[in-house]
Amino acid sequence: HQGNSKRIYRYTFILRNKGSRSSFYRQYISCFKAFYRFSLDGHLDRERLLKATLATFHRSFKKDMAGWFAGFFETLQPTTGELLSLQEEMMQIFASSYTKPVNVMLQQLKSIASEEGFRYQEFIERAAPLFFSSPKNSLLTIHTIFEKIVARHPKMREVCCITLCQLFLKKDENLQKKAADFIIKYGDASSSSLQETLQDRKSVV
């Protein structure tokens with residue numbers, strides 16, 4: 001996998017140094033299309049290519065290259081089956097210090113959140129730290145995924161409500177309203193755990 005990611009990186013580096021920035025981006029798009037086409041016609045093993053792309057986020061690439069690979073992963077248009085098989089690798093990227101890879105993974109996971117085989121319990125656990133560091137668009141995506149989870153797995157309502165209480169610590173009123181509406185809709189008023197969490201957040205706010 002490291003060898004694959006190195007070859008992809010080397011190819012883009014060569015393109016980048018061939019000419020002007022505009023020329024690079026034209027070739028950049030052509031590169032995307034070529035890899036996608038080769039992955040469809042069997043010249044490239046899609047599973048290896050997808051895993052190699054995800055593996056790049058554990059390397060010490062700078063922000064622009066991490067963003068490049070995030071965009072490349074999107075361009076490969078992983079199928080539902082492929083995304084379901086790559087959930088572990090995708091959730092590992094939640095630890096990335098760059099927002100774009102995390103945003104891309106959240107969007108991809110959102111597309112399978114209602115599918116049989118979605119690892120919803122693991123997602124809730126691993127998404128929890130993102131509430132402290134992620135931008136608004138990422139938090140809204142997590143909220144949407146939680147909506148999909150509780151619609152399919154009602155037993156997860158309480159843990160989702162408790163986790164979303166983190167949004168009350170944000171200054172953004174829209175995020176706070178999203179959390180409040182979710183809790184009103186799915187929360188159990190008799191739950192001592194939920195009431196305790198709400199009181200704790202109220203005292204902090």
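In the predicted model, Phe 61 and Phe 69 are both buried. The rings of Phe 61 and Phe 69 have centres 5.5 Å apart and planes at 10°, so this pair is classed as stacked. A second pair is formed by Phe 118 and Phe 123, whose ring centres are separated by 5.9 Å and whose planes meet at 45°; this pair is therefore tilted. Phe 118 and Phe 123 are likewise buried. In total, the structure contains eight aromatic pairs. One aromatic cluster is made up of Phe 94, Phe 118, Phe 123, Phe 131 and Phe 146.

The overall architecture is helical. The protein chain contains 13 helices and zero strands, giving the sequential pattern α-α-α-α-α-α-α-α-α-α-α-α-α. Of its 205 residues, 43% are classed as buried. Among contacts with a separation of 6 or more, 68% involve residues 24 or more positions apart. The chain exposes about 11100 Å² of surface, of which carbon and sulfur atoms supply 51%.

The largest nonpolar core comprises 51 residues, and within this core Phe 94, Phe 123, Phe 146 and Ile 149 touch the most other members. Phe 94, Phe 123 and Phe 146 also belong to the aromatic cluster described above. When residues up to four places away in sequence are left aside, Phe 146 touches Phe 123, Ile 124, Phe 131, Cys 160, Thr 163, Leu 164 and Phe 182.

His 143 is located in helix 10, which covers residues 136-152. With a relative accessibility of 8%, below the 20% limit, His 143 is counted as buried. Outside the four neighbouring places in sequence, the contacts of His 143 are with Leu 164, Lys 178 and Phe 182. Leu 164 and Phe 182 also appear among the contacts of Phe 146.

Helix 8 spans residues 120-127, and its buried residues are Tyr 120, Glu 122, Phe 123, Ile 124 and Ala 127. These buried positions pack against helix 6 (87-92), helix 7 (99-110), helix 9 (130-133), helix 10 and helix 11 (157-164). Two of the residues concerned, Phe 123 and Ile 124, are in contact with Phe 146.

In helix 7, one of the packing partners of helix 8, the buried residues are Pro 101, Val 102, Asn 103, Val 104, Met 105, Leu 106, Gln 108 and Leu 109. The geometry of helix 7 was compared with expectation: at 1.5 Å a residue, its twelve residues should span 16 Å, and the end C-alpha atoms are 16 Å apart, in agreement with that value.

The cysteine residues were examined for disulfides, and the count comes to zero. Cys 161 takes part in no disulfide, the nearest cysteine sulfur being that of Cys 160 at 7.2 Å. For Cys 165, the closest cysteine sulfur belongs to Cys 161; the distance of 7.2 Å is too far for a bond, given that a disulfide requires sulfur atoms within 2.5 Å. Cys 161 has a relative accessibility of 0% and is therefore buried. Cys 165, with a relative accessible area of 0%, is buried as well. Cys 160, for its part, is among the residues touched by Phe 146.

Technical notes. Residues are numbered from 1 along each chain as its sequence is written. This is a predicted model: local features need pLDDT of at least 70, side-chain atom pairs count only at pLDDT 80 or more; totals for chains, interfaces and linings use all residues. Side-chain values use heavy atoms; hydrogens and water are left out. A nonpolar core is a set of buried Ala, Val, Leu, Ile, Met, Phe, Trp, Tyr and Cys residues joined through side-chain atoms within 4.5 Å. Buried means under 20% relative accessible area, exposed over 50%, partly exposed in between (1.4 Å probe, protein chains only). Contact means heavy atoms within 4.5 Å. Helices (H or I, at least four residues) and strands (E, at least two) are DSSP runs, numbered from the N terminus. Accessible areas come from the Shrake-Rupley method with a 1.4 Å probe; for residues, only the protein chains shown count as cover. Rings of Phe, Tyr and Trp (its six-membered ring) pair if their centres lie within 6.5 Å; planes under 30 degrees apart count as stacked, over 60 as edge-to-face and the rest as tilted. The expected span of a helix is 1.5 Å times one less than its number of residues.
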